[in-house]
Amino acid sequence: MGWLWAIIVGFVLGLLAKAIIPGKQHSPLWLTTIFGILGAIVGNALARAVGIESTRGIDWGRHVFQVIAAVVIVFLGDMAYSATLGRNKQRT
């Protein structure tokens with residue numbers, strides 16, 4: 001059940017990050033989901049490092065870190081994906 005929850009959260013975070021980033025992103029949905037999962041992991045680690053480990057109720061601080069990390073990772077990942085895709089198109 002943990003992996004299914006990670007995929008769902010990654011999917012939502014990835015789509016949210018794509019909505020926040022201006023312009024069009026070219027990475028496919030499966031890659032955006034992976035970027036979202038990575039954003040959740042990095043966001044949790046950053047929140048823990050800052051001292052937001054767990055609170056009663058909804059952990060808004062942790063979620064903010066997750067969204068910020070997802071935006072950065074989706075942005076950089078999409079740039080890398082576009083650069084790789086562009087290099088492959090130049091070879092043909």
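Q: Buried means under 20% relative accessible area, exposed means over 50%, and partly exposed lies in between. In this predicted model, which of these does Arg62 count as, at 22% relative accessibility?
A: Let's compare the value with the two cut-offs: under 20% would be buried and over 50% would be exposed. Arg62 has 22% relative accessibility, so it falls between them and counts as partly exposed.

Q: With which residue does Asp59 form a salt bridge?
A: Here is a general idea to start from: side chains of opposite charge can pair when their charged atoms come close. A search of the whole structure finds one salt bridge. In the salt bridge of Asp59, the closest N and O atoms are 3.2 Å apart, and the partner is Arg62.

Q: Is Asp59 buried or exposed?
A: The relative accessible area of Asp59 is 10%. Buried residues are those under 20%, so Asp59 is buried.

Q: How many helices does the chain have?
A: Reading from the N terminus on, the elements run α-α-α. There are zero strands to add to the picture, so the secondary structure, by the helix and strand definition, comes to helices alone, and their number is three.

Q: Which helix gives the most to the largest nonpolar core?
A: The largest nonpolar core has 10 residues, among them Leu13, Phe35 and Ile73. Helices α1, α2 (29-50) and α3 (60-91) each supply at least two residues of this core. With four residues, the helix that gives the most is α3.

Q: Which residues does Ile73 touch, leaving out those up to four places away in sequence?
A: Ile73 belongs to the largest nonpolar core, and so does Phe35. Phe35 is also one of the residues that Ile73 touches. The full list for Ile73 is Phe35, Leu38, Gly39 and Val42.

Q: Which helix gives the most to the nonpolar surface patch?
A: Now let's look at the outside: a nonpolar surface patch of about 660 Å² is made by Leu4, Trp5, Ile8, Phe11, Val12, Leu15 and Leu29. One of these residues, Trp5, has its place in helix α1, and Trp5 is exposed, with a relative accessible area of 57%. The helix that gives the most to the patch, with six residues, is α1.

Q: What distance does the polar contact between the side chains of Thr32 and Lys18 have?
A: Thr32 is found in helix α2, and at 1% relative accessibility it counts as buried. Leaving aside neighbours within four places in sequence, Thr32 is in contact with Gly10, Gly14, Leu15, Lys18 and Ser27. Of these, Lys18 joins Thr32 through a polar contact between their side chains, at 3.4 Å.

Q: How far apart in space are Leu46 and Phe75, C-alpha to C-alpha?
A: Leu46 is found in helix α2 and is partly exposed, with a relative accessible area of 42%. In sequence, Leu46 and Phe75 are 29 residues apart. In space, their C-alpha to C-alpha distance is 18 Å.

Q: What share of the area that the chain exposes is supplied by carbon and sulfur atoms?
A: Of the 92 residues of the chain, 28% count as buried. The C-alpha trace spans about 55 × 25 × 20 Å along its principal axes. The chain exposes about 6,300 Å², and the share from carbon and sulfur atoms is 71%.

How values were computed:
Residues numbered from 1 in each chain as written. Predicted model: local features only at pLDDT ≥ 70, side-chain atom pairs only at ≥ 80, totals over all residues. Heavy atoms only, no water. Patch = residues over 30% accessible without salt bridge, like charges linked within 9 Å, V, L, I, M, F, W, Y side chains within 5 Å. Areas by Shrake-Rupley, 256 points an atom, 1.4 Å probe, with all protein chains shown as cover. Salt bridge = Lys/Arg side-chain N within 4 Å of Asp/Glu carboxyl O. Buried < 20%, exposed > 50% of the residue type's maximum accessible area, 1.4 Å probe, protein only. Core = buried A, V, L, I, M, F, W, Y, C linked by side-chain atoms within 4.5 Å. Contact = heavy atoms within 4.5 Å. Polar contact = N/O pair within 3.5 Å; in protein donor to acceptor, adjacent residues only side chain to side chain.
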